[in-house]
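Open the model in your viewer and keep the selection tool at hand. We will go stop by stop.

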Amino acid sequence: MKHVTIVGGGLVGSLLAVYMARRGMVVNVYERRPDPRENDVYGGRSINLVVSHRGWTALRGAGVDQAVREITVPVHARMTHDREGHTTRLPYSIDNKAIHSVSRGELNCRLLTEAEKWPNVHLHFDHRCVDVHLDTATCTFTHDRSGGSVVVNGDVVFGTDGAFSAVRQEMMKGRFNFSQEYIEHDYKEIAFGPNPDGSPRMDPQCLHIWPRQKFMMMGLANLDGGFTGTLFMPHAGEHSFERIKDERDLMDFFQAHFADAIPMLPDLKEQYFRNHQSSLVIVRCDPWVHKDKVALVGDSAHAIVPFYGEGMNAGFEDCRVLNDLFDRMGEGDVGRVLDAYNEARVVNGNAIADLSLRNFVEMRDLVADPSFILRKKIEGHIQRRHPDKWLPLYSQVKFTDIPYVDAWNEGLRHDRIMEEVLAMPNIEEQWDGEAVEKMVLTLLDRA
Ligand SMILES: Cc1cc2nc3c(=O)[nH]c(=O)nc-3n(C[C@H](O)[C@H](O)[C@H](O)COP(=O)(O)OP(=O)(O)OC[C@H]3O[C@@H](n4cnc5c(N)ncnc54)[C@H](O)[C@@H]3O)c2cc1C
């Protein structure tokens with residue numbers, strides 16, 4: 001029986017604990033923060049995330065999908081809000097498929113509770129990893145409250161300790177490729193409360209987007225009738241967080257760009273100046289493993305920008321793939337399993353990093369662009385008529401388990417085809433005609 005040390009009991013660490021427990025391994029999870037089920041580690045904020053198809057596949061594989069489904073809200077469409085307050089609803093798929101919104105804190109608590117149901121899982125909170133000896137899979141943790149420390153030996157260490165991973169830090173001392181990039185945009189959360197009677201102020205089945213090219217705001221429904229709003233903006237320059245210095249700047253800015261949101265945010269001023277402004281970082285690295293001893297899983301291996309809502313889903317998929325490889329190769333040669341994991345996942349981690357940056361452009365500019373809306377209509381039309389030949393990129397990422405790297409390549413092929421189609425004369429008038437369909441099919445055969 002293998003003894004597994006999991007560093008970080010966040011979303012990915014707690015799911016991985018369930019997967020490894022199901023294999024009969026003895027699992028010790030060390031988390032630097034207090035138990036979120038007993039302490040408000042999220043500072044009272046209701047930050048939410050979207051679970052997509054591949055996230056559900058991974059949750060199902062660990063037998064925890066039902067427990068999670070109970071705390072989610074289905075989201076079927078984007079709803080864009082223009083400067084005048086007009087809204088446009090764009091369904092995510094032609095067959096009413098949904099992504100699911102969930103509170104990060106509640107999801108973490110659920111997964112920890114599911115992990116703890118296994119007698120072979122031991123959760124240790126307030127333990128911060130300060131050192132890892134890679135060749136022996138030995139970790140040192142300090143206990144944040146008592147100041148004491150503990151040295152833990154195991155057969156394998158999984159680093160699920162997030163974007164600023166201590167485990168990865170140790171791997172960087174050896175032959176290790178690493179890049180870290182801060183994008184110019186920061187973000188700030190602003191909660192939209194429900195109406196006084198508890199009803200939602202906007203359609204809860206939509207992801208609300210206020211695309212303004214250089215910046216944007218989005219809102220995602222919570223179970224309590226409220227929405228978590230997130231404002232993404234450059235940290236400096238014109239239209240930036242830096243420019244909003246006082247209440248007057250804030251209200252002028254909202255009046256100019258998000259006027260329809262103001263009546264829904266009676267406490268905007270308090271929230272804006274109270275809530276933390278956070279940065280967004282992209283981390284790529286390679287390899288994700290060290291011999292048969294250590295593997296990075298989740299954000300520690302691939303921190304990405306949140307614009308596809310796939311960071312956690314990608315981390316959950318890491319867990320599912322790792323488990324599939326153990327199923328296929330057995331537990332006798334862990335080194336072989338970790339090598340195969342590295343081979344399978346690094347390329348996909350890089351692909352979802354690229355896809356996420358691409359979706360940022362789509363969300364902030366294109367959803368308000370008539371040619372983007374036309375492209376979506378044409379794609380929907382072709383998909384309806386030829387579902388075996390055309391699956392839009394968004395659907396591949398959010399509604400299938402197609403590897404991210406294959407989706408990325410197929411998306412590039414779609415771009416080439418659509419560029420030619422949208423260049424057709426009078427395309428606006430005849431987009432649903434036979435000529436367009438014929439052209440797409442010809443280009444598909446050629447591309
Ligand atoms: C604004 C925003 C919106 C997002 N929206 C989505 C979305 O809609 N869908 C989606 O799939 N993803 C989304 N993401 C990404 C998602 O939040 C991350 O991909 C996900 O949280 C990664 O999970 P993780 O467990 O790998 O890392 P984390 O959630 O960061 O968890 C790491 C854990 O390790 C602990 N830890 C850290 N260091 C140590 C240490 N030294 N010792 C012990 N423990 C340690 C931390 O306390 C934490 O609990 C979003 C991210 C942001 C910023």
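Which helices and strands each supply at least two residues of the lining of the second largest pocket? Select strand 6 (87–91), helix 10 (370–385) and helix 11 (393–399). Bear in mind that this is a predicted model.

**Stop 1: the second largest pocket**

Keep those three elements coloured. The volume of this pocket is about 350 Å³. Its lining has 18 residues, and P91, I94, K376, K377 and G380 are the closest to the centre. Show those five as sticks. Helix 10 contributes the most to the lining, with 8 residues. By type, the lining holds 8 nonpolar, 5 polar and 5 charged residues.

**Stop 2: an aromatic pair**

The model has 16 aromatic pairs. Select one of them, Y92 with Y394: the ring centres are 4.9 Å apart and the planes meet at 5°. Why does this pair count as stacked? Because planes under 30 degrees apart are classed that way, and here the angle is 5°. Now look at where the two partners sit. Y92 is in the loop between strand 6 and strand 7 (99–103), while Y394 is in helix 11. The pair links distant parts of the chain, with the two positions 302 residues apart.

**Stop 3: the ligand**

Select the ligand and display its shell. There are 28 residues around the ligand, and E31, V50, R104, C129 and D299 come nearest. Next, colour helix 1 (11–22), strand 3 (48–51), strand 9 (127–133) and helix 8 (311–329): each supplies at least two residues of the shell. The shell divides into 11 nonpolar, 9 polar and 8 charged residues.

Now draw three distances:

- R32: a polar backbone atom lies 3.2 Å from a ligand nitrogen.
- R33: a polar side-chain atom is 3.0 Å from a ligand oxygen.
- G309: a polar backbone atom lies 2.9 Å from a ligand nitrogen.

How much of the ligand's accessible area does the protein cover? The figure is 88% of the 990 Å² that the ligand has on its own.

**Stop 4: two backbone details**

Most residues other than glycine have a negative phi, and most peptide bonds are trans. Two places depart from that pattern. Select D286 and P287: the peptide bond joining them is cis, with omega about 0°. P287 lies in the loop between strand 17 (277–286) and strand 18 (289–290). Then select A137, which is not a glycine yet has a positive phi, near 55°. A137 is found in the loop between strand 9 and strand 10 (138–143). Strand 9 also supplies at least two residues of the ligand's shell, so leave the ligand on display.

Terms used
Residues are numbered from 1 along each chain as its sequence is written. This is a predicted model: local features need pLDDT of at least 70, side-chain atom pairs count only at pLDDT 80 or more; totals for chains, interfaces and linings use all residues. Side-chain values use heavy atoms; hydrogens and water are left out. A residue is near a molecule or strand if one of its heavy atoms lies within 4 Å of it. A polar contact is a pair of N or O atoms within 3.5 Å; within protein, one must be able to donate a hydrogen and the other to accept it, and residues adjacent in sequence count only if both atoms are side-chain atoms. Accessible areas come from the Shrake-Rupley method with a 1.4 Å probe; for residues, only the protein chains shown count as cover. Helices (H or I, at least four residues) and strands (E, at least two) are DSSP runs, numbered from the N terminus. Ala, Val, Leu, Ile, Met, Phe, Trp, Tyr, Cys and Pro count as nonpolar, Asp, Glu, Lys and Arg as charged, and the others, Gly among them, as polar. On a 1 Å grid over the protein atoms alone, a cavity is a set of points where a 1.4 Å probe fits but cannot get out, and a pocket is an open set with protein on both sides within 12 Å along at least five of seven lines; lining residues have an atom within 4 Å of a point. Grid points are joined across faces, edges and corners, and a volume is the space filled by probe spheres set on the points. Rings of Phe, Tyr and Trp (its six-membered ring) pair if their centres lie within 6.5 Å; planes under 30 degrees apart count as stacked, over 60 as edge-to-face and the rest as tilted.
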